[in-house]
Amino acid sequence: WLLLVCIGVGLAVLGWQTVRASTTVQQVTLAIPIGMAALALVVLALALGGLLKGTWILVALVALSIPAALAVKKTFSLLHAPGLELSRESALLVSLVASLALLNLTWAVAPEIQFDSLNYHLAVPKTYLQQGRIVDVQFMHAYLSRLVELDFTAALAVAGQTAVKLF
């Protein structure tokens, strides 16, 4: 859901701009980082307002879902055009990406064991959620936290560690 919201928000932002990508794949490729940045900025605004709690994050995600759904519907309605077929090379690439996605899913459901994930990718967002705002964490690696950790904060609030790893 989070990734779809990010894609949708990114597509909506791209729709407001005069820049147009030539294919749907290019639009989605541009939309993902734009949507992730937008989600992180919304979480930052909640954190600065002292509203960094799961319920407020869910309210913000639901609010973002409405324009995101409209933008996704508008963009992907072109995919159902008659006569749209994948070439052999495209089908091979799609199957390769699907295989990699399956491997990533397998890793995502396993408990986290990596040092940096345990010490700041998950620990800092957890601390932010517990405090309800951004706080100074007295740990050297906590200062490495950037905007992507705010995306992780949203994922952690919505569905826990597995959602962070999937995101």
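This report describes the helices, cores and selected residues of a predicted model.

**Overall composition**

The protein contains 8 helices and 0 strands. Read from the N terminus, its elements follow the order α-α-α-α-α-α-α-α. The protein has 167 residues, of which 34% count as buried. About 10,400 Å² of the protein is exposed, and carbon and sulfur atoms supply 69% of that area. Among contacts with a separation of 6 or more, 70% come from residues 24 or more positions apart.

**Nonpolar cores**

The largest nonpolar core has 27 residues. Within this core, the residues with the most contacts are L39, V43, L52, I57, L61, Y128 and V164. Two or more residues of the core are given by each of helix 1, helix 2 (24–48), helix 3, helix 6 (123–131) and helix 7 (147–159). Another core, of 7 residues, lies apart from the largest one, and its members include L11, A12, L14 and A71.

**Helix 1 and its contact with helix 3**

Helix 1 covers residues 2–16. Its 15 residues should span 21 Å at 1.5 Å a residue, and the end C-alpha atoms are 21 Å apart, so the expected and modelled spans agree. The buried residues of helix 1 include L2, V5, C6, I7 and G8. Also buried in helix 1 are V9, G10, L11, A12 and L14. Of these, L11, A12 and L14 are also among the members of the 7-residue core.

L2 belongs to helix 1. L2 counts as buried because its relative accessibility is 8%, where the cut-off for buried is under 20%. S65, for its part, is in helix 3 (residues 54–76). S65 also counts as buried, because its relative accessibility is 18%. The C-alpha atoms of L2 and S65 are separated by 9.1 Å, and the two residues are 63 residues apart along the chain. Leaving out residues up to four places away in sequence, S65 touches W1 and V5. V5 is itself one of the buried residues of helix 1.

**Helix 7 and its surroundings**

At 1.5 Å a residue, the 13 residues of helix 7 should span 18 Å; the end C-alpha atoms are 19 Å apart, which agrees. Buried residues in helix 7 are E149, L150, D151, F152, T153, A154, A155 and L156. After helix 7 comes G160, which has a positive phi near 85 degrees.

L156 is located in helix 7. Not counting neighbours within four places in sequence, L156 is in contact with L122, P125, K126, L129, Q161 and V164. V164 is also listed among the residues with the most contacts inside the largest core. L156 and L129 are 27 residues apart along the chain, and their C-alpha atoms are separated by 8.6 Å.

L44 lies in helix 2. With a relative accessibility of 25%, L44 counts as partly exposed. Its contacts, apart from residues up to four places away in sequence, are I134 and L150. L150 is one of the buried residues of helix 7. L44 and I134 are 90 residues apart along the chain, with their C-alpha atoms separated by 8.2 Å.

The C-alpha separations described above are listed together here.

| Residue pair | Separation along the chain | C-alpha separation |
|---|---|---|
| L2 and S65 | 63 residues | 9.1 Å |
| L156 and L129 | 27 residues | 8.6 Å |
| L44 and I134 | 90 residues | 8.2 Å |

**A nonpolar surface patch**

On the surface, L93, L96, L100 and L103 form a nonpolar patch. Together these residues have about 420 Å² of accessible area. L93 is placed in helix 4 (residues 88–108). Is L93 buried or exposed? L93 is exposed, because its relative accessible area is 52%, and the cut-off for exposed is over 50%.

Notes: Residues numbered from 1 in each chain as written. Predicted model: local features only at pLDDT ≥ 70, side-chain atom pairs only at ≥ 80, totals over all residues. Heavy atoms only, no water. Patch = residues over 30% accessible without salt bridge, like charges linked within 9 Å, V, L, I, M, F, W, Y side chains within 5 Å. Areas by Shrake-Rupley, 256 points an atom, 1.4 Å probe, with all protein chains shown as cover. Salt bridge = Lys/Arg side-chain N within 4 Å of Asp/Glu carboxyl O. Helix = DSSP H or I, 4+ residues; strand = E, 2+ residues; numbered from the N terminus. Buried < 20%, exposed > 50% of the residue type's maximum accessible area, 1.4 Å probe, protein only. Contact = heavy atoms within 4.5 Å. Expected span 1.5 Å × (residues − 1). Core = buried A, V, L, I, M, F, W, Y, C linked by side-chain atoms within 4.5 Å.
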